[in-house]
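Trainee: I would like to learn how to read a model of this kind feature by feature. Where do we begin?

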Amino acid sequence: MSPTILDFCERLAKGIASQFGNDCEVVVHDLEHLDTSPSTIVAIANGHVTGRDIGDSISPEMAALLQEGADKLGDQFAYLNKTPDNRLIKSTAIFFRDPNGKPIAALSINYDITMLIAVERILTEFTATSHPTHKVSEDGSVNISALLDELIDQSVAIVGKPIALMNKQDKIRAIGFLDKCGAFLITKSGQRVCKYFGISKYTLYSYLDAAKKLAEEEE
């Protein structure tokens, strides 16, 4: 990447990040030497969003995009991914190409929308007038899988936070709600709940016990 282009990209990254605030990370990648070095980041603003800095590598998501075929890869707009700690990130990647069409640089915008999702859930709960209690298929039978998904969504809505922002007590409250609703009577529901909340089977049992004790104390 030429010094002139790098200078412009650095100023562009700073400008975009300044415009949209601390939750907006803007990264400039030099892809010319990607085949020989994983270090691609030459400029970054608000690196705390993904925990990266100058000298770090491209994200797994961008690496996957490049592996699909760099010569045919187009710009990617407003796609969703997650950080290792489960924060939701809305991303855009714009590629710079040489005369032969090979990507030589990329400008990546990563916006942490975790709190916005939390606000959206709160507003949805506040304005809702009713909740469906079950999912029914065309033949009149209950869709058990959809029912469990709905109960999980309701447990998150009751807590009022997305998974990434929940602490131990929040998860205990959500799992207590699921237990009260009979969610764990559904086959293999424990596995799905563990995966959704990012906990082990042992932790699930521990949280269930804690939720039952909390319910007894409140009675």
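Mentor: We go from the whole chain to its pockets and then to single residues. Keep in mind that this is a predicted model.

Trainee: How many helices and strands are there in the protein chain?

Mentor: The protein chain has 7 helices and 5 strands. Read from the N terminus, the order of the elements is α-β-β-α-β-β-β-α-α-α-α-α.

Trainee: What share of the residues is buried?

Mentor: A residue counts as buried when its relative accessible area is under 20%. In this chain of 219 residues, 37% are buried. The surface can be read by atom type as well: about 13300 Å² is exposed, and carbon and sulfur atoms supply 55% of that area.

Trainee: And what do the contacts say about separation along the sequence?

Mentor: Take the contacts between residues at least 6 apart in sequence; 46% of them join residues at least 24 apart.

Trainee: Now the pockets. What is the volume of the largest pocket, and which residues lie nearest its centre?

Mentor: A pocket is read by volume, then by lining, then by the elements that supply the lining. The largest pocket has a volume of about 310 Å³. Its lining consists of 13 residues, and Arg173, Gly176, Phe177, Ala211 and Ala215 are those nearest the centre. Two elements, α5 (168-180) and α7 (201-218), give two or more residues each to this lining. By class, the lining of the largest pocket holds 7 nonpolar, 1 polar and 5 charged residues.

Trainee: Which elements supply the lining of the second largest pocket?

Mentor: The second largest pocket, with a volume of about 230 Å³, is lined by 17 residues, and Thr50, Arg52, Ser59, Pro60 and Glu61 are the closest to its centre. At least two lining residues come from each of α2 (60-67), β3 (76-82), β4 (88-97) and β5 (103-112). The class count for the second largest pocket is 6 nonpolar, 8 polar and 3 charged.

Trainee: Let us turn to single residues. Is His29 buried or exposed?

Mentor: First place the residue, then read its accessibility, then its partners. His29 is in strand β1 (residues 24-30). His29 counts as buried because its relative accessibility is 1%, under the 20% cut-off. Its side chain makes a polar contact with the side chain of Thr40 at 2.9 Å. Beyond residues up to four places away in sequence, His29 touches a set that includes Met1, Ile41, Arg52, Met62 and Ile104. Arg52 is also one of the residues closest to the centre of the second largest pocket.

Trainee: Which side chain makes a polar contact with the side chain of Ser91?

Mentor: That partner is Asn110, and the two side chains are 2.8 Å apart in this polar contact. Ser91 belongs to strand β4 and is buried, with 1% relative accessibility. Leaving aside neighbours within four places in sequence, the contacts of Ser91 include Gln76, Phe77, Ala78, Tyr79 and Ile109.

Trainee: Ala78 is in that list. What is its phi?

Mentor: The sign of phi is worth checking in residues other than glycine. Phi of Ala78 is near 50°, a positive value. Ala78 is in strand β3 and counts as partly exposed, at 47% relative accessibility.

Trainee: Where does Asn46 lie, and is it buried or exposed?

Mentor: Asn46 sits in the loop between β2 (41-45) and α2. Asn46 has a positive phi too, of about 60°, and is not a glycine. Its relative accessibility is 19%, so Asn46 counts as buried; the cut-off is under 20%.

Trainee: How far apart are the C-alpha atoms of Asp7 and Ala43?

Mentor: For such a pair, read the separation along the chain beside the separation in space. Asp7 and Ala43 are 36 residues apart along the chain, and their C-alpha atoms are separated by 9.3 Å. Asp7 lies in helix α1 (residues 3-20) and is partly exposed, with a relative accessible area of 36%.

Trainee: What is the corresponding reading for Asp153 and Ala174?

Mentor: These two are 21 residues apart along the chain, with 9.6 Å between their C-alpha atoms. Asp153 is in helix α4 (residues 144-159), and its relative accessible area of 40% makes Asp153 partly exposed.

Methods:
Residues are numbered from 1 along each chain as its sequence is written. This is a predicted model: local features need pLDDT of at least 70, side-chain atom pairs count only at pLDDT 80 or more; totals for chains, interfaces and linings use all residues. Side-chain values use heavy atoms; hydrogens and water are left out. Helices (H or I, at least four residues) and strands (E, at least two) are DSSP runs, numbered from the N terminus. Buried means under 20% relative accessible area, exposed over 50%, partly exposed in between (1.4 Å probe, protein chains only). Contact means heavy atoms within 4.5 Å. Accessible areas come from the Shrake-Rupley method with a 1.4 Å probe; for residues, only the protein chains shown count as cover. On a 1 Å grid over the protein atoms alone, a cavity is a set of points where a 1.4 Å probe fits but cannot get out, and a pocket is an open set with protein on both sides within 12 Å along at least five of seven lines; lining residues have an atom within 4 Å of a point. Grid points are joined across faces, edges and corners, and a volume is the space filled by probe spheres set on the points. Ala, Val, Leu, Ile, Met, Phe, Trp, Tyr, Cys and Pro count as nonpolar, Asp, Glu, Lys and Arg as charged, and the others, Gly among them, as polar. A polar contact is a pair of N or O atoms within 3.5 Å; within protein, one must be able to donate a hydrogen and the other to accept it, and residues adjacent in sequence count only if both atoms are side-chain atoms.
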